[in-house]
Structure formats: C-alpha cells, structure tokens
Amino acid sequence: MSLYLKYRSITFDDIVEQDYTKSILKHQVLQAKEGESYSNYLFYGSRGIGKTSIARILARAINCLDLKDGNPCNACENCKLILDNRAIDIVEIDAASHTGIDNIREEIIGKAMYPPLQLKKKVYIIDEVHMLSLGAFNALLKTLEEPPAHVIFILATTEEEKLLDTILSRCQVFRFRSPSRAVLSALVTEVAKKEGFTLPVDAADLIAVAADGSFRDALGVTQKVILASGDKIGNANEV
C-alpha cells in the first residue's frame, strides 16, 4: 500500500492545514444534526492537498451515527460501510473519464431522485469537475439548482476558473491552501519515522521541495527514498 493511502486522514482533525475549511465543515455537521440542512460544496486548490480526503470525511460525518465533535466516529455501521467501500449511497465520479452528458444522466440525474438505501444521505463526490463537457455541466446544473433533500454534492477541482458561474453560485466554495515547505518537511519526517526510518533534515527538505506543494507527491517521493535506501537512511528504532 502506498504511504499516501496508508496515512490518509480519516477525521477532520487529522487533516494537515485547511483549518478554516475544517472548522466550518465540522460546525455545519453539528448544526445539521440538530435539523439544519446541507448544501452543495465545491473544493478547489492544487493537486494532492486533501480535497478528496476531506470530501470523504465529510461524506462519513454527514452519515455518522455517533459524531465526535463534528468528526465521523469511523466505528459505527454507516462509517464502516463507507470506509470499506460498501456504501452504495456514496458515489465517486472522476469527471476526467466521465465527461459527457450521458454519463451524468446515467450516474446522477437518473439516480439522484431515489432516496438512499443504506445511509441517511446520498453523497456524490465529483473529482476534477472542470473536465465535464458543457452539456454535462448544464445537466448537472439542473440537479444542483433543486437537489433532493436526501442528496449532497461535493465537487472538487484544480481549475476553479474553468467552472461556470452558475455552478459556483450554487455551491459553498472552499479554497484549499497548498502546504509550505516546512509543513511538508515535518510531515515526511514523521511518516518516515513511523515506517522505522530517520530522514536527515536535508533529505526531508529536498523531498519537500520536490513535492511542490503536494502532500501526495511528498509521501510518494518519501516512499521511493525509503525503498531505494533501505537501512542507509537510518533505522528510527535505533536512534
């Protein structure tokens, strides 16, 4: 398993950076528990900085049966269904490979009207949403304008400027910040230690530079360094 997947955050509190977004989403989850309704969300920012991770955490929190201060408990029946990828009411779509109107009609418009079968809410996570064709955008817009009460859309993109204003106006928009070099360096140092290795400070810094603001890339490079170096970069248990 890749380090990025192994150490993927499973609660809002686990997420590095994005404090404003985490705070707002946790507050909304707690409010909705008391009867408030959710809306559509748009997450945008550079690649590999946690947009999809937070989308999945939000999907679990919305459906969690035992919230922990706005975080999903990750232990109830609903959370386990989602974590195990067995929840049919959580639909993830990669818009880069589902660009056309027929895909949107089949995956969303035709099915969104039906209530969830397992969970409290049906959640659609559409990654790289800017890749949809104009026809697909227009079809999606109709659903976003008047979404059924049991449906929530979470859109994610690296190119927010390519989205129609009509889409943006119907979503709560959250801009994700890219992590600093220092944050990435600290992250890879900690992950390497958990894997039993000690990264020299200069090595961690070089990895942070190579990652160019991406958590995913930082952990990908770290994994390559560990595999290539073996015991040469030190065993953390011996330090």
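Cys79 is buried in this predicted model, with a relative accessible area of 0%, and Cys76 is likewise assigned to the buried class, its relative accessible area being 12%. The sulfur of Cys79 has its closest cysteine sulfur in Cys76, at 3.6 Å, which is too far for a bond. Read from the other side, the result is the same, since Cys76 finds its closest cysteine sulfur in Cys79, again at 3.6 Å and again too far for a bond. A disulfide is a covalent bond between the sulfur atoms of two cysteines, and the cut-off applied here requires the two sulfur atoms to lie within 2.5 Å. By this rule the count of disulfides comes to 0.

The confidence of the prediction bears on how such details are to be taken. The mean pLDDT of the chain is 89, and 93% of the residues reach 70 or more. Among the elements of the chain, the highest mean pLDDT, 97, belongs to helix 4 (residues 77-83), while the lowest, 77, belongs to helix 5 (residues 101-112). Where pLDDT is low, the predicted coordinates should not be read in detail.

Charged side chains were considered next. Side chains of opposite charge can pair when their charged atoms come close, and a search of the whole structure finds 12 salt bridges. One of these joins Asp19 to Lys22, with the closest N and O atoms 3.4 Å apart. Both residues belong to helix 2 (residues 19-33), and because Asp19 and Lys22 are 3 residues apart there, about one helical turn separates them. The two partners differ in their surroundings, for Asp19 is exposed at a relative accessible area of 54%, whereas Lys22, at 11% relative accessibility, counts as buried.

Other salt bridges connect parts of the chain that are distant in sequence. Glu145 and Arg170 meet through their side chains in a salt bridge with an N to O distance of 3.2 Å. This pair links distant parts of the chain, 25 residues apart, with Glu145 in helix 6 (residues 134-145) and Arg170 in the loop between helix 7 (165-168) and strand 5 (172-175). Glu145 counts as partly exposed at 42% relative accessibility, and Arg170 is also partly exposed, at 30%. In a further salt bridge, the closest N and O atoms of Arg181 and Asp205 are 2.5 Å apart. Arg181 lies in helix 8 (residues 181-194) and Asp205 in helix 9 (residues 201-211), so that this pair ties together parts 24 residues apart in sequence. With a relative accessible area of 47%, Arg181 is partly exposed, as is Asp205 with a value of 24%. Salt bridges also join into a network, in which Asp13, Lys26 and Asp69 are linked.

Aromatic side chains provide a further set of contacts, and the structure holds 6 aromatic pairs. In one of them, formed by Tyr20 and Phe174, the ring centres are 6.5 Å apart and the planes stand at 45°, an arrangement classed as tilted. Tyr20 lies in helix 2 and Phe174 in strand 5, so this pair ties together parts of the chain that are 154 residues apart in sequence. Tyr20 counts as exposed, at 60% relative accessibility, while Phe174 counts as buried, at 4%. The rings of Phe174 and Tyr41 have their centres 6.3 Å apart and their planes at 25°, and the pair is therefore stacked. Here too distant parts of the chain are linked, Tyr41 in strand 1 (residues 41-44) and Phe174 in strand 5 being 133 residues apart. Tyr41 is buried, with a relative accessible area of 0%. Ring pairs link Tyr20, Tyr41 and Phe174, together with Phe43 and Phe176, into a cluster.

A contact between a charge and a ring was found as well. Arg216 lies over the face of Tyr4, at 5.8 Å from the ring centre.

How values were computed
Residues numbered from 1 in each chain as written. Predicted model: local features only at pLDDT ≥ 70, side-chain atom pairs only at ≥ 80, totals over all residues. Heavy atoms only, no water. Salt bridge = Lys/Arg side-chain N within 4 Å of Asp/Glu carboxyl O. Helix = DSSP H or I, 4+ residues; strand = E, 2+ residues; numbered from the N terminus. Buried < 20%, exposed > 50% of the residue type's maximum accessible area, 1.4 Å probe, protein only. pLDDT = per-residue confidence, 0-100. Phe/Tyr/Trp six-rings, centres within 6.5 Å; stacked < 30°, edge-to-face > 60°. Lys NZ or Arg CZ within 6 Å of the ring centre and 35° of its normal.
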